[in-house]
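Welcome! Below are some exercises with worked solutions, so have a try at each before you read on.

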Amino acid sequence: MIRDLLKQLWKDKFARIAVIVLGIIYFALFFADFIAPYTKDFSDRSMAYVPPSKIFTIDENGKLSKPYTYNYKREFDPVELKIVYTLDRSQKHYIKFFAKGQPYKFLGLIPMKRHLLTTDESGRLFLLGADINGRDVFSRILFGGRISMTIGFLALFVLFPIGLLYGGIAGYFGGKVDMIMMRFAEAVMSIPSFYLLIILASILPSGMTSVQRFMLIVVILALIGWASFARVVRGMVLSIKKQEYVQAAKSIGASRLRIIVKHILPQTTSFVIVAMTLSVPSYILSESGLSFLGLGIQQPDASWGNMLKEAQEYTNIIYRPWLLTPGFLIFIAVLAFNLIGDTIRDILDPKSKTR
Amino acid sequence: MQILIYILKRILQTIPLLIIVSLISFFIIRLSPVDPLAELRLNPSVSKETLQRETERLGLDKPIIVQYGKWAKSFIKGDLGVTSNGEKVSTKLKERIPNTLLLTSIVIFLAWFVGIPLGVLAAINWKTPFDRILTVLTSIGMAIPSFFFAVLLLIFAVKTGWFPVGGLTSSNFLEMTFLQKVCDITHHLVLPVTVLFTLSLAGLQRQMRGNLLDVLDSDYVKFARAKGLSEGKVIFKHALRNAVNPLITLLGFEFAGLLSGAALTEYVFQYPGLGRLILEAVLRSDINLVMASLMMGAVMLILGNLIADILLIITDPRIREGSQA
């Protein structure tokens, strides 16, 4: 069934573009260590807020040359009272492909030194400029994307078993159990989700390692979403449990848990797939919002949300628009997920006309 | 009469819901390792008596169930305690809630006013270029992170100078005449409203379009067409009324979404609303304020759902009849 679904997905023009875009993004994130010219924490304080490097292919004599770049010089302009960045034309830094640069561990395991693009030791290749600490924005976008683009999926993997089981039990048992469980779920839904999100994030103790914090944010995101999912599952279970095969399972003496897990819940598969693809973007948005406020992923770790934190000051952004790139990436990723979600809904429900 | 009983029942149902919500929020906040009075203790302008009164009011020396009881009792009485600055929480809320309500109600009104007709138009022109373009636009509207859009608009405001940057009123607000005041507030509202409007318009237009397309497929619409009614009559007299009903149910959820979306938007635009209040409270770990604004958010959401349900009873006779059976 899944293969069929993927085939139909590929047939749709928009969905295909979305799949390709997401494919490129995930590919780049997977090989981030190699593609990024610098490591996540590489910083050069003298390069704070430098604009994106200009790459030249024609040298000063008007001749074609290997691509090269100049470093920026940071100078204080005493007349205008601001810092100006000028190109230091005294030294050319040639761009090298597959050359040795900052050492890193590929996928955290294999020690490597080669990067897709680098320049010589004294040169700085900041394709999308630098942030306040002189860190390469382009490299950090790649590393931050790893967090932003996986956190949604992880939250879903925590949330779906909970929601399925909760909704399954409530729906199957019915009566008082159902009433109490559903009242509780409704109450969780009655708290504006973003309020709950920031409160849960704010009670996280400080001084956790970044891995712990990441896992806890996954759990928090899951805590926000399970209730509405459980409610829909319950509705489906209510109608499934009346079917004959469930009665049959009951009559041969299958335990209740077995009936719920083995017989009823598998019937909700197609709904689960749709719900998953449809809700990935909302978790990406939640995480970025949380990190934007400084309650999610913390420095020095990068995520697309916390990279945008610097955009909170508009004076900052007017002079340094390259700091906004993560926002466009969030937009593109969410758009692509939405397109795929819409198409999957159309395929699974031929009557629906979302497009 | 039947309607009144049904509405009354529905109102009574919200009471257990509120109790559970308050229990959940109370325990979440008490779970946190933060001392609820820490900020208050550090503040030199807060007197010893106030501190003593707060400790007693919250029953901090007693078991947690008693604490909850005490808190609930004073909450019902309307005593929400003091913020870490020593201000009364209730005055703070009174100041902020109307602002958030103003923002969200304008947005909901505009979104319905524009979204429904656009949804209808798209459904009538199904699969034409017009419909396609609208679908693309709504996809874009749904994918922009609200805070990012807000930041972009803020930059626009700074660059052009056409709109004030943040806040709800200008500094010389108190000296203005009534008409000027209205203009000033409207001027400040344009950007936050644009952000939230874009977000909810996209969802609403899609929903309306989908509903109407579903209804247009149904047998009774085919019958109406077969009877020889004009297309306008079929759509506006028969199909539309059924297509709007599910949207009324959604109204409550939309309100919830707006409250959440508004928090970030309010934060970026420095808009004095409930969302920003709770954010600031959270960042300062001001427990009283967090607890009260969390409850207020939930109350507003539950009320929103309640109003949506009551509206639905009025517009959809099938629900009324269902309740009698």
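A residue counts as buried if 20 or more other C-beta atoms lie within 10 Å of its own, as exposed if 12 or fewer do, and as partly exposed in between. Keep in mind that the model you are looking at is predicted.

**Exercise 1. Unusual backbone angles**

Task: Find where B:K127 and B:Q270 sit in chain B, and decide how exposed each of them is.

Solution: Start with the general expectation. Most residues other than glycine have a negative phi.

Now look at B:Q270. Its phi is positive, near 55 degrees, and the residue is not a glycine. B:Q270 lies in the loop between α10 and α11 of chain B. Next, count neighbours: B:Q270 has 13 C-beta neighbours inside 10 Å, so it counts as partly exposed.

Do likewise for B:K127, another residue that is not a glycine, with a positive phi of about 70 degrees. B:K127 belongs to the loop between α5 and α6 (129-143) of chain B. Here 11 other C-beta atoms are within 10 Å, so B:K127 is exposed.

**Exercise 2. A covered helix**

Task: Work out how many residues of helix α11 (residues 274-283) of chain B are buried, and which elements they pack against.

Solution: First, the count. Of the 10 residues in α11(B), 8 are buried, and the helix is mostly covered. Among them are B:L274, B:R276, B:I278 and B:V282.

Second, the partners. The buried residues of α11(B) pack against α5 (89-124), α10 (231-269) and α12 (287-315) of chain B, and also against α6 of chain A.

Third, zoom in on one residue. Leaving aside neighbours within four places in sequence, B:I278 touches A:Y195 as well as B:A263, B:V290, B:S293 and B:L294. B:I278 also appears with A:I198 and B:V290 as the residues with the most contacts inside the largest nonpolar core, which has 153 residues. Helix α4 (residues 137-173) of chain A gives the most to this core, with 15 residues.

Finally, step just past the helix: B:S285 takes a positive phi of about 45 degrees.

**Exercise 3. Where the chains meet**

Task: Describe the side of chain A that touches chain B by its size, elements and residue classes.

Solution: Begin with the size: 37 residues of chain A are in contact with 42 residues of chain B. The elements that give two or more residues to this side of chain A are α5 (175-190), α6 (193-202), α10 (269-292), α12 (314-319) and α13 (325-348). Then sort by class: there are 25 nonpolar, 8 polar and 4 charged residues on this side.

**Exercise 4. Two helices crossing**

Task: How do helix α7 (residues 210-240) and α10 of chain A lie relative to each other, roughly parallel or roughly antiparallel?

Solution: Two packed helices are described by the angle between their axes and the distance between the axes. The axes of α7(A) and α10(A) come within 11 Å and cross at roughly 150 degrees. An angle over 145 degrees counts as roughly antiparallel, so α7(A) and α10(A) are roughly antiparallel. Their crossing is right-handed.

To see the contact itself, look at A:I217, A:L221, A:G225, A:F229 and A:M236 on α7(A), and at α10(A) residues including A:F271, A:A275 and A:Y283. By class, the contact has 7 nonpolar, 3 polar and 1 charged residues.

**Exercise 5. Chain B as a whole**

Task: How many helices and strands does chain B have, and what share of its residues is buried?

Solution: Chain B has 13 helices and 0 strands. Of its 325 residues, 35% are buried.

Conventions. Residues are numbered from 1 along each chain as its sequence is written. Chains are lettered from A and ligands numbered from 1 in the order in which they are written. This is a predicted model: local features need pLDDT of at least 70, side-chain atom pairs count only at pLDDT 80 or more; totals for chains, interfaces and linings use all residues. Two residues are in contact if their C-beta atoms, placed from the backbone, lie within 7 Å. Helices (H or I, at least four residues) and strands (E, at least two) are DSSP runs, numbered from the N terminus. Ala, Val, Leu, Ile, Met, Phe, Trp, Tyr, Cys and Pro count as nonpolar, Asp, Glu, Lys and Arg as charged, and the others, Gly among them, as polar. Axes are lines fitted to C-alpha atoms, for helices over the stretch in contact, and angles run from 0 to 180 degrees between N-to-C directions. Angles under 35 degrees count as roughly parallel, over 145 as roughly antiparallel, 65 to 115 as roughly perpendicular and the rest as oblique. A crossing is left-handed if the near helix is turned anticlockwise from the far one by less than a right angle, and right-handed if clockwise. A nonpolar core is a set of buried Ala, Val, Leu, Ile, Met, Phe, Trp, Tyr and Cys residues joined through C-beta atoms within 7 Å.
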